[in-house]
Structure formats: structure tokens, C-alpha cells
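Q: I am new to this structure and would like a close look at a single part of it. Please take the place where the domains meet, and explain each term as it comes up.

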Amino acid sequence: MKPRGILFDWGGVFTVGTFDGRVVANTARRFDLPRERVADAYFAEVRRLELGEWSLPRFWAYFAQALGVEAPYEDFEALFLASVAPRPEMYELLAAIPAEVTVGLLSNNYPVISDYLRAGEGFDRFDAVFFSNEEGVKKPDARAFELALERMGLPPGEVLFVDDHEGNIAAAAELGLMTHRFEEPQPFVRELLRRGLTLPASAARP
């Protein structure tokens with residue numbers, strides 16, 4: 001079925017690899033700490049950022065104490081932002097999606113990063129945006145999908161959901177959305193063509 005809307009995840013789709021993994025790696029490198037120790041501390045409380053319970057400065061106060069390090073918040077914010085690794089070809093594909101297709105973004109995201117994305121080039125192609133840190137609910141909770149679909153103005157059966165995590169894909173399918181488990185851009189392009197979307201030749205190259 002040809003979708004009338006496409007609902008995208010951000011991390012792992014519009015970025016190369018995972019944002020969290022790069023934050024952990026960059027923090028471990030910056031403070032010369034074992035990556036496993038940094039990961040344990042990071043993932044123990046990062047959900048508070050995703051749900052908007054903590055600001056990024058509050059998270060850094062916790063994180064620095066857990067790691068036993070000292071550095072100004074501004075240094076951590078710079079490290080945090082530097083951990084974004086955009087996938088340029090996906091932003092090019094985003095711009096190539098036909099104008100009649102409603103495009104949404106459903107992202108478990110963080111303070112500072114959500115503002116950074118909104119200010120970025122190409123973001124205005126999203127017709128509807130849902131950031132978990134601003135809404136207090138995250139995927140795979142059905143409420144996150146329902147709010148995103150409401151903003152898109154489309155029923156689930158007319159929307160293709162694109163995410164790199166199987167748990168989120170399963171939750172979307174249960175709600176009746178079409179789904180595509182994202183791994184690389186070109187298989188996704190082929191999926192769009194298979195579903196009847198017309199793309200410019202430059203975006204449709206196999």
C-alpha cells in the first residue's frame with residue numbers, strides 16, 4: 001500500500017550508529033575511563049533525560065559525580081552535541097520525499113539535542129514532531145505513537161513507520177502502522193519505491 005505519511009525515528013536513522021553509544025565513547029575517552037563503567041552510569045539514569053524529568057545540567061551533575069570526575073557543564077554540553085553524527089544521505093532523501101506525503105518525526109530524545117535538531121537544516125520538512133523529552137512519554141508506549149499520528153492527521157494504516165529498533169517496530173505494527181526496520185538508506189529507498197512512492201532519480205539510485 002502506498003503510504004500517505006512517513007513517521008521517522010531520528011537516532012540510528014538520520015544518524016550513523018547510536019547517539020548514546022557515541023556519548024559513552026566520547027565521555028570515556030575524554031576522562032580516560034573504562035567504557036563499561038561510563039555506560040553503566042549513563043544508562044542508569046538517561047531515561048530521565050528522555051522523559052524530560054531532568055535537564056542536561058542536572059544529568060551532568062549526576063553523571064560527573066557517578067564517574068568521579070570534574071568538568072564544567074559547558075564542556076559536557078559540547079561533548080554531547082559533538083556526539084551527533086548526521087547521515088547526510090538520509091537528509092537528502094528527506095528533502096526528496098514528495099510534498100503530498102506527510103512527514104513526521106517520533107524520537108526518544110533529550111533536552112539540548114531536540115533544540116539543536118529544530119535549528120538544523122532540513123528540519124522544516126517535518127510536518128509533525130514528537131520529542132519524548134517534551135512530552136513525558138517515549139516509544140514503545142502506544143501513547144507516543146498516538147500523539148504523533150494525531151499531529152500528522154492520518155490513521156495508522158496510512159503511515160509507514162521507520163525505526164532501527166525491533167521493539168519500536170513491533171509496537172508500531174501492533175497499532176496498525178506499516179513498518180520498515182531501518183538498517184541502511186538504500187534498502188529503505190527500495191522499500192519506498194516498492195510501496196509506490198515516486199522519488200527523484202538522484203534519490204532512487206540503488
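How many residue pairs are in polar contact across the interface of domain 1 and domain 2?

A: Across the interface of domain 1 and domain 2, 5 residue pairs are in polar contact, both residues being at pLDDT 80 or more; a polar contact is a pair of N or O atoms within 3.5 Å, where, within protein, one must be able to donate a hydrogen and the other to accept it, and residues adjacent in sequence count only if both atoms are side-chain atoms. This is a predicted model, in which local features need pLDDT of at least 70, side-chain atom pairs count only at pLDDT 80 or more, and totals for chains, interfaces and linings use all residues. Residues are numbered from 1 along each chain as its sequence is written, and side-chain values use heavy atoms, with hydrogens and water left out.

The two parts come from the domain assignment of the chain, which gives domain 1 as 5–16 + 86–195 and domain 2 as 19–82; such bounds come from an automatic or database domain assignment. Taken over C-alpha atoms, the centres of domain 1 and domain 2 are 26 Å apart. Domain 1 brings 15 residues to the contact and domain 2 brings 17, contact meaning heavy atoms within 4.5 Å.

Between them, domain 1 and domain 2 bury about 1,200 Å², with 64% of it on carbon and sulfur atoms; buried area is the accessible area (1.4 Å probe) that two parts lose on being put together, summed over both. On the domain 1 side, Tyr110, Val112 and Lys138 supply 46% of the area buried against domain 2, more than any other three residues.

Lys138 also forms a salt bridge with Glu50, in which the closest N and O atoms are 2.7 Å apart; the term stands for a side-chain nitrogen of Lys or Arg within 4 Å of a carboxyl oxygen of Asp or Glu. The count between domain 1 and domain 2 is 1 salt bridge.

As for the elements involved, helix 6 (113–118) and helix 7 (132–135) each supply at least two residues of the domain 1 side that touches domain 2, where helices are DSSP runs of H or I with at least four residues, numbered from the N terminus. By class, that side of domain 1 has 8 nonpolar, 6 polar and 1 charged residues; Ala, Val, Leu, Ile, Met, Phe, Trp, Tyr, Cys and Pro count as nonpolar, Asp, Glu, Lys and Arg as charged, and the others, Gly among them, as polar.
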